[in-house]
Amino acid sequence: THSHPEVEQAYRRMIGLRRRNPWLVDATIETEQVDKTHLVVRARARHGEQSLALALNLAGDPFALPDGADVLEAEPAVAGGAVAPHGWAVVAAKPK
């Protein structure tokens with residue numbers, strides 16, 4: 001068998017995210033932004049106000065996250081409030 005520790009690590013991080021947010025099991029999913037360089041997909045709880053967004057950056061430049069975004073997971077790490085080139089981030093809105 002071939003070992004891919006980076007894939008296993010990402011998989012474990014997503015399992016942990018799902019366990020910390022049990023409402024994701026029946027969340028509604030909607031595309032918020034899509035173009036040639038970025039994709040933002042949001043999961044919203046059916047009951048309650050929880051939501052998480054997955055931001056994918058397909059571009060060679062950083063992709064700015066909304067002000068107040070709380071980064072829960074990212075690869076590579078978010079710096080300066082932006083998703084790194086060719087990176088991703090899972091974010092939640094900060095409580096008001």
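A salt bridge is counted here wherever a side-chain nitrogen of Lys or Arg lies within 4 Å of a carboxyl oxygen of Asp or Glu, and the structure holds seven of them. The model is a predicted one, in which local features need pLDDT of at least 70 and side-chain atom pairs count only at pLDDT 80 or more, whereas totals for chains, interfaces and linings use all residues. Residues are numbered from 1 along each chain as its sequence is written, and side-chain values use heavy atoms, with hydrogens and water left out.

**Stop one: Glu73 and its partners**

Select Glu73 together with Arg13, and display the side chains: the two form a salt bridge whose closest N and O atoms are 2.7 Å apart. This pair links distant parts of the chain, since Glu73 belongs to strand 5 (residues 69-75) and Arg13 to helix 1 (residues 5-20), 60 residues apart; helices (H or I, at least four residues) and strands (E, at least two) are DSSP runs, numbered from the N terminus. Both Glu73 and Arg13 are buried, a word that stands for under 20% relative accessible area, while exposed means over 50% and partly exposed lies in between (1.4 Å probe, protein chains only).

Keep Glu73 and add Arg20, with which Glu73 forms a salt bridge at 3.4 Å between the closest N and O atoms. Here again distant parts of the chain are linked, with Glu73 in strand 5 and Arg20 in helix 1, 53 residues apart. Glu73 has a relative accessibility of 12%, and therefore counts as buried.

**Stop two: Glu32 and Arg42**

Move next to Glu32 and Arg42, whose side chains meet in a salt bridge (2.7 Å, N to O). Because Glu32 lies in strand 1 (residues 28-34) and Arg42 in strand 2, the pair ties together parts that are ten residues apart in sequence. Glu32 is partly exposed at 38% relative accessible area, whereas Arg42, at 13%, is buried.

Before leaving the charged pairs, select Arg13, Arg20, Glu73 and Glu75 as a group, which salt bridges with shared partners join into one network.

**Stop three: His38**

Finally, select His38, which is placed in strand 2 (residues 38-44) and is buried, with a relative accessible area of 13%. Its side chain makes a polar contact with the side chain of Thr37 at 2.8 Å; a polar contact is a pair of N or O atoms within 3.5 Å, where, within protein, one must be able to donate a hydrogen and the other to accept it, and residues adjacent in sequence count only if both atoms are side-chain atoms. Showing the surroundings of His38 brings up Gln33, Leu56, Asn57, Ala59 and Phe63, which His38 touches when residues up to four places away in sequence are not counted, contact meaning heavy atoms within 4.5 Å.
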